[in-house]
Every structure is written in structure tokens, then in C-alpha cells.
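Dear colleague,

Please find below the structure that I am handing over to you, followed by an account of what was found in it. I should be grateful if you would read the two side by side.

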Amino acid sequence: MQPDEIARIHEEALAEAREADSADALEAVRLKYLSRKGLVQDIMASLKTAAPADRPAIGQAANRLRAELLDAVNRRREKLAEAAETSGPAFDITLPGRWPGLGSIHPVSGMIAQCADIFRSMGFTVADGPDIETAFHNFDALNHPPGHPARDPRDTFYLEDGTLLRTHTSPVQVRYMQAHPPPVRIIAPGRTYRRDTPDATHSSNFHQIEGLYVADRVSLADLKGDLTYFASQLLGARVQVRFRPHFFPFTEPSVEVDFSCHVCGGQGCRVCKQSGWIEIGGAGMVDPNVYTAVGYDPEAVTGYAFGLGVERMAMIFHGIPDIRLLYENDVRFLAQF
Ligand code: PHE
């Protein structure tokens with residue numbers, strides 16, 4: 001290609017860029033000259049057939065064209081964007097504003113706050129611990145023997161380094177007792193993780209409120225009295241609390257705790273699966289092996305522990321029939337609370 005022809009292309013290209021009247025038109029100019037099949041590329045290709053003496057001049061002209069055109073395109077793009085911002089219909093300051101709507105507290109967060117208030121009034125303080133736990137804190141120190149089924153990777157989410165997503169909030173008991181001498185009286189609300197198949201009452205990620213009260217003469221009667229008082233504060237004086245014998249490796253004796261169904265008043269309904277009762281959590285007297293694991297003297301202290309299901313309590317408190325509603329984040333559902 002001859003130098004005068006390149007000069008002509010150069011002039012045209014800059015003029016087209018300056019005159020492009022829309023972002024699309026400008027992009028078309030850019031593609032016409034600068035794309036892989038564009039005119040600048042054609043100029044470069046013509047180098048092969050040019051006389052060797054002409055080549056440096058042609059190459060330099062092409063490079064100058066490329067640089068100046070790129071600059072012109074960019075400047076034009078900014079101009080067009082500015083114009084787009086300042087044009088359009090004038091802003092009418094007499095129009096009412098748009099109300100973005102007020103958010104509401106998620107029922108799970110609300111339930112944790114409500115429970116924490118009640119337990120604080122009973123002398124508990126709030127503790128917490130990590131979601132990613134060691135097998136020691138989640139299982140060993142809580143008296144789970146090596147082959148215990150809860151350790152199975154089909155039930156527990158393990159990370160590659162051998163740590164795991166805590167399956168309950170009970171490891172916070174371990175951490176707290178390791179760090180504080182008795183007496184202790186804490187609750188520990190938080191997320192927990194299990195490989196459960198989701199259904200109306202199960203989710204692989206849910207929340208618990210752990211409770212731990214260790215002193216010198218804590219008894220099962222204290223546990224029953226305190227949880228019954230807690231239930232009455234949360235759900236009203238008419239709620240019934242039922243303790244069923246159960247087994248947990250880290251408590252002895254152990255119980256499961258049911259509240260009478262708040263939705264139907266115990267008559268039987270969809271939420272309580274017609275039984276009149278809802279299982280809220282597990283509890284029991286802390287096993288001496290746990291004291292030994294955390295460095296307490298098992299002869300010197302006694303205490304109780306409990307773990308309450310937050311979603312279960314939120315469901316009976318609000319009459320929510322399916323746990324999955326709590327995680328769909330449908331604002332029409334959430335705005336009701
Ligand atoms: N950690 C038990 C669970 O998740 C509940 C529990 C807590 C039981 C404290 C006894 C004492 O099932």
C-alpha cells in the first residue's frame with residue numbers, strides 16, 4: 001500500500017471516529033479499522049509485498065494510525081457517555097420519592113435474639129465458637145468413641161484437612177470450659193451442619209442454641225425447671241414441657257425435650273404431625289468424661305447441658321409448617337415477621 005493511500009485512510013478513520021453519533025456507530029468504526037480483519041491489519045499485510053525500502057515507512061504509518069485512532073475512539077466514547085448522562089427528560093423534583101421498603105429481621109435471627117434475652121434474664125451469658133471445628137472439639141472431647149456413627153462422612157461434612165463443619169453447637173461447651181474455670185453458665189447460639197436430606201423438618205444447615213451450666217450442685221431438677229421456665233417465657237404459661245429418656249455420649253442421664261405444640265395448643269395439627277408435641281432438642285447432665293477432657297475435676301463439679309433447635313422453635317412460635325420456607329428468602333414470606 002502506498003504512503004499516500006495510508007494517509008487518506010488515516011484521515012478518514014479519524015473523521016469517522018469524531019463523527020460517530022452513537023456507541024454502536026463508534027464500535028462499527030473501531031471494528032472497521034482496528035479488528036483482526038480491519039484496514040490497519042490490511043496495511044500490515046501489505047508489508048509482505050512492499051519493496052523492502054518502503055517497509056519501515058509503511059509500518060510506522062500503520063502504527064501511528066492505530067494509536068491515534070484508538071485515542072480518538074476512546075475520547076469519542078467518553079463524550080457520548082457524558083452526553084447520554086446529561087440528556088433525557090428533566091428531573092421532576094415534585095414527584096414523590098420511591099419507598100424502597102423496610103426490611104425485617106429474619107425469623108431465625110429473631111428467635112435467637114428472643115431466646116438470648118430470656119436466658120440472659122436467667123443469668124446466662126452468650127458465648128460462641130467456630131463453625132469449622134476439629135474432630136477433638138466436635139466428637140472426642142464430647143465422649144464419642146472412635147467408631148461412633150455420627151463421625152461417618154455420610155453424616156458429617158469433612159474438609160480436606162480433616163477439620164469438619166460442626167454437627168452441633170456442643171463443641172462450644174468444650175472450648176468454653178477449656179478457657180474458663182467453673183462455675184460457668186452460658187448459651188451459645190450458632191449454625192450447625194449435617195448431611196441430612198432436606199424435608200419439612202430437616203435442613204443440612206440449621207441453628208442450635210447450646211446451653212451449659214456447671215457449678216458445684218447443679219441437678220437434673222435444675223435442668224427441668226430452667227427449661228420449663230424458659231419455655232413459659234417464650235411461649236406463654238400454658239406451654240407444656242416433656243422430657244423423654246434418651247442417649248447422648250456427652251450427657252448422663254440424657255433426655256429429649258418436647259414442647260407442647262403452640263400452633264394447635266396440643267390438639268394435633270400439621271405442624272406437630274398430629275402428635276400435639278414438638279421435639280425441640282436434647283439435654284442432660286454433663287458426663288464426667290467431658291469434664292476430664294476439658295481439664296475440670298469430675299469429682300468437684302456437676303452441671304447440665306442442652307441443645308435447642310432454633311428453626312423448630314421459630315416454626316412453632318410463628319406457625320410455620322415447613323423449615324424450607326425459612327431458607328427460600330422469599331421477601332413476601334419474610335416480610336410477615
Ligand atoms: N448436641 C446434641 C445434638 O445436637 C444436643 C444436646 C446438647 C444434647 C447438649 C445434650 C446436651 O443433638
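R166 and D131 form a salt bridge, with 3.5 Å between the closest N and O atoms. Please bear in mind that this, like everything that follows, comes from a predicted model. R166 belongs to the loop between β3 (164-165) and α7 (171-179), and D131 to the loop between β1 (125-126) and β2 (132-133), so the salt bridge ties together parts that are 35 residues apart in sequence. The two partners differ in their surroundings: R166 has a relative accessibility of 3% and counts as buried because that value is under 20%. D131, with a relative accessible area of 27%, is partly exposed.

A second pair links two strands. The closest N and O atoms of D258 and R244 are 2.8 Å apart, and the two residues form a salt bridge. D258 is part of strand β7 (residues 251-260) and R244 is part of strand β6 (residues 241-248), so this pair ties together parts that are 14 residues apart in sequence. Here the acidic residue D258 is buried, at 3% relative accessible area, while R244 is partly exposed at 26%. The pair does not stand alone: R242, R244, E256 and D258 are joined into one network by salt bridges that share partners.

A third example lies within a single helix. E12 and R8 meet through their side chains in a salt bridge, at 2.9 Å from N to O. Both residues are in helix α1 (residues 3-19), where four residues, about one turn of the helix, separate them. E12 is partly exposed, with a relative accessible area of 35%, and R8 is likewise partly exposed, at 42% relative accessibility. In general, side chains of opposite charge can pair when their charged atoms come close. How many salt bridges does a search of the whole structure find? The search finds 14, and the pairs described above are among them.

I turn now to the ligand. Where does the ligand sit? The ligand occupies the largest pocket. Around the ligand there are 14 residues, of which H168, S170, R194, Q208 and G307 come nearest. Three side chains deserve separate mention:

- H168 has a side-chain N or O atom 2.9 Å from a nitrogen atom of the ligand.
- R194 places a polar side-chain atom 2.8 Å from an oxygen atom of the ligand.
- Q208 has a side-chain N or O atom 2.9 Å from an oxygen atom of the ligand.

On its own the ligand has 320 Å² of accessible area, and the protein covers 91% of this.

Which strand gives the most to the shell around the ligand? That strand is β9, with three residues. At least two residues of the shell come from each of β5 (205-215), β8 (277-286) and β9 (302-309).

One further residue may be of interest as you inspect the model. N138 is located in helix α6 (residues 135-138) and counts as buried, with a relative accessibility of 0%. Between N138 and R175 there are 10.0 Å in space, C-alpha to C-alpha, and the two are 37 residues apart in sequence.

With kind regards

Methods:
Residues are numbered from 1 along each chain as its sequence is written. This is a predicted model: local features need pLDDT of at least 70, side-chain atom pairs count only at pLDDT 80 or more; totals for chains, interfaces and linings use all residues. Side-chain values use heavy atoms; hydrogens and water are left out. A salt bridge is a side-chain nitrogen of Lys or Arg within 4 Å of a carboxyl oxygen of Asp or Glu. Buried means under 20% relative accessible area, exposed over 50%, partly exposed in between (1.4 Å probe, protein chains only). A residue is near a molecule or strand if one of its heavy atoms lies within 4 Å of it. A polar contact is a pair of N or O atoms within 3.5 Å; within protein, one must be able to donate a hydrogen and the other to accept it, and residues adjacent in sequence count only if both atoms are side-chain atoms. Accessible areas come from the Shrake-Rupley method with a 1.4 Å probe; for residues, only the protein chains shown count as cover. On a 1 Å grid over the protein atoms alone, a cavity is a set of points where a 1.4 Å probe fits but cannot get out, and a pocket is an open set with protein on both sides within 12 Å along at least five of seven lines; lining residues have an atom within 4 Å of a point. A molecule sits in a cavity or pocket if more than half of its atoms lie within 2 Å of its grid points.
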